[in-house]
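This report covers the salt bridges and the empty spaces of one protein model. The sequence and structure come first.

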Amino acid sequence: MNLLQQVLTGPTLRLIPLQTEHWPALMQAASDPQIWTLHPEPERYKPEVFKPVFDGGLASGGAYLICDKRSGEVLGTSRYYEFDAAKREVAIGYTFLVRSRWGGSTNTELKQLMLDHAFSFADGVWFHVGAHNLRSRRAVEKLGAVYSHTETTAPTGAARATVFYRLDKAVWLTRPSIERTAV
């Protein structure tokens with residue numbers, strides 16, 4: 001069993017390990033240009049730009065397809081990456097949600113599920129956010145993640161300023177949780 005990929009189920013979401021056959025539905029969800037306006041790669045709505053991200057998710061062994069638990073609608077994706085077993089650290093990112101799920105409880109539930117699972121095998125979680133992506137920066141700060149530092153990184157080839165946030169297990173365990181189940 002892959003430590004990073006287990007089916008995770010919450011009150012309204014189901015996260016399932018990303019598979020090749022998920023490409024058409026996930027590309028459809030990613031095809032809205034407005035999703036990517038604040039992203040360092042604003043053209044990810046294009047299949048030729050999103051395909052390497054999808055393939056990277058498959059190769060990572062830590063990517064999820066995010067679905068509505070009741071309807072099965074594909075809502076986006078997220079993944080674990082840069083797992084360091086010796087340091088007991090992992091990163092969570094490459095997350096996007098369809099716009100109909102912005103501003104509600106979906107991202108909170110998603111991160112709750114992923115963080116609860118991550119803290120079953122890690123003591124620290126990193127979030128790497130584009131410096132100008134204020135929406136994502138506020139979202140990770142709401143989770144209790146703390147700014148660590150800024151680096152110039154090139155995860156997809158183009159150099160950009162990336163802000164690093166860290167959330168420690170001890171901090172996470174003091175926060176209230178939603179009803180959830182790992183299946």
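A salt bridge is a side-chain nitrogen of Lys or Arg within 4 Å of a carboxyl oxygen of Asp or Glu. By that criterion the structure holds eight. The model is predicted: local features need pLDDT of at least 70, side-chain atom pairs count only at pLDDT 80 or more, and totals for chains, interfaces and linings use all residues. Residues are numbered from 1 along each chain as its sequence is written, and side-chain values use heavy atoms, with hydrogens and water left out.

Three of the salt bridges are listed here, with the distance between N and O atoms.

| Basic residue | Acidic residue | N to O distance |
|---|---|---|
| Arg 44 | Glu 41 | 3.4 Å |
| Arg 166 | Glu 89 | 2.7 Å |
| Arg 166 | Asp 168 | 2.6 Å |

Salt bridges with shared partners join Glu 89, Arg 166 and Asp 168 into one network. Within it, Arg 166 belongs to strand S8 and Glu 89 to strand S5, so their pair ties together parts 77 residues apart in sequence. Strands (E, at least two residues) and helices (H or I, at least four) are DSSP runs numbered from the N terminus.

Burial is graded by relative accessible area: buried is under 20%, exposed over 50%, and partly exposed in between (1.4 Å probe, protein chains only). Glu 89 is buried at 17%, whereas Arg 166 is partly exposed at 23% and Asp 168 is partly exposed at 31%. In the other listed pair, Glu 41 is buried at 15% and Arg 44 is buried at 4%.

Empty space was searched on a 1 Å grid over the protein atoms alone: a cavity is a set of points where a 1.4 Å probe fits but cannot get out, a pocket is an open set with protein on both sides within 12 Å along at least five of seven lines, and lining residues have an atom within 4 Å of a point. Grid points are joined across faces, edges and corners, and a volume is the space filled by probe spheres set on the points.

The largest pocket has a volume of about 1200 Å³. Its lining comprises 44 residues, of which Thr 95, Asn 107, Lys 111, Ser 136 and Ala 139 are closest to the centre. Elements that each supply at least two lining residues include S5 (89-97), helix H3 (106-118) and S8 (160-168).

One cavity of 30 Å³ or more is found in the whole structure. The largest cavity holds about 50 Å³, and helix H2 gives the most to its lining, with four residues.
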